[in-house]
Structures are given as structure tokens and as C-alpha cells.
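Okay, everyone, let's have a look at today's structure together. I'll put it up now and then talk you through a few spots.

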Amino acid sequence: YKLIGIENYVVVAGHQISYIAPITTMHTNLIISLWIAHVGKSSFQFAYKIHSATQNEFATATTAAVLLSSSTDKPIRIPDKMRYFLNDFFGEAPKFR
């Protein structure tokens, strides 16, 4: 609550995934990388990549999240404190097929 305020909350607005290759029982050491791909006025986007230690990719995905006011249930501007925090984890958005 330190970044968004106790009077606000975050909801998932959308999700997109691209399956690149099947994950089998041979793949025991998977890595899930997570970063911020976009920060807008009231929304931000997480990006994910599921891959192996040798960088074989299995899936990429994004999740859009929106900051809402508890009193109005409407989108509100992301506070500067939260924006600075998110930008520390910024990376390129995945390209979907």
C-alpha cells in the first residue's frame, strides 16, 4: 500500500500469451523472467518469459493492470512514487506472433 495508497487498488485488465514450445518432463529447471514493459497514466504492463537456463523460450506473456480508486472504482493516475518504482524494472515489451 505504500506505493498505491490504502484507498486504491489494482485490477487485471487483460492478458496475452504466446506459446512457443511445449514444456516436457525433460525441462526441470525453468526460469520465469518478469519485468515492466509499459507504464501509462493509470495502467502498467507486466511482461513474462518462460525459458530454460540455455535460453530456450517456451512462452511469453503480458498482463495489463489498472490502478483504481476505491471510492469511485474508476482509473486514477499512477502516483509518481509508484511510477519511479515500476520504471526501475522496465524492459522491452515482448513481440507476439
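So, one bit of vocabulary before we start: buried means under 20% relative accessible area, exposed means over 50%, and partly exposed is in between, with a 1.4 Å probe and protein chains only. Also, this is a predicted model: local features need pLDDT of at least 70 and side-chain atom pairs count only at pLDDT 80 or more, while totals for chains, interfaces and linings use all residues. Residues are numbered from 1 along each chain as its sequence is written, and side-chain values use heavy atoms, leaving out hydrogens and water.

Let's take Lys95, which is exposed at 66%. Its partner is Glu92: the two form a salt bridge, with the closest N and O atoms 2.8 Å apart. By salt bridge I mean a side-chain nitrogen of Lys or Arg within 4 Å of a carboxyl oxygen of Asp or Glu. Glu92 is exposed too, at 58% relative accessibility. And how many salt bridges does a search of the whole structure find? Just 1.

Now over to strand S3, residues 43-52, where we find Lys49. Strands here are DSSP runs of E, at least two residues, numbered from the N terminus. The side chain of Lys49 makes a polar contact with that of Gln55, at 3.4 Å; that's a pair of N or O atoms within 3.5 Å, where within protein one must be able to donate a hydrogen and the other to accept it, and residues adjacent in sequence count only if both atoms are side-chain atoms.

Ile50 sits in strand S3 as well, and is partly exposed at 23%. Ile50 and Leu30 are 20 residues apart in sequence, yet 6.8 Å apart in space, C-alpha to C-alpha.

Note on methods. Helices (H or I, at least four residues) and strands (E, at least two) are DSSP runs, numbered from the N terminus.
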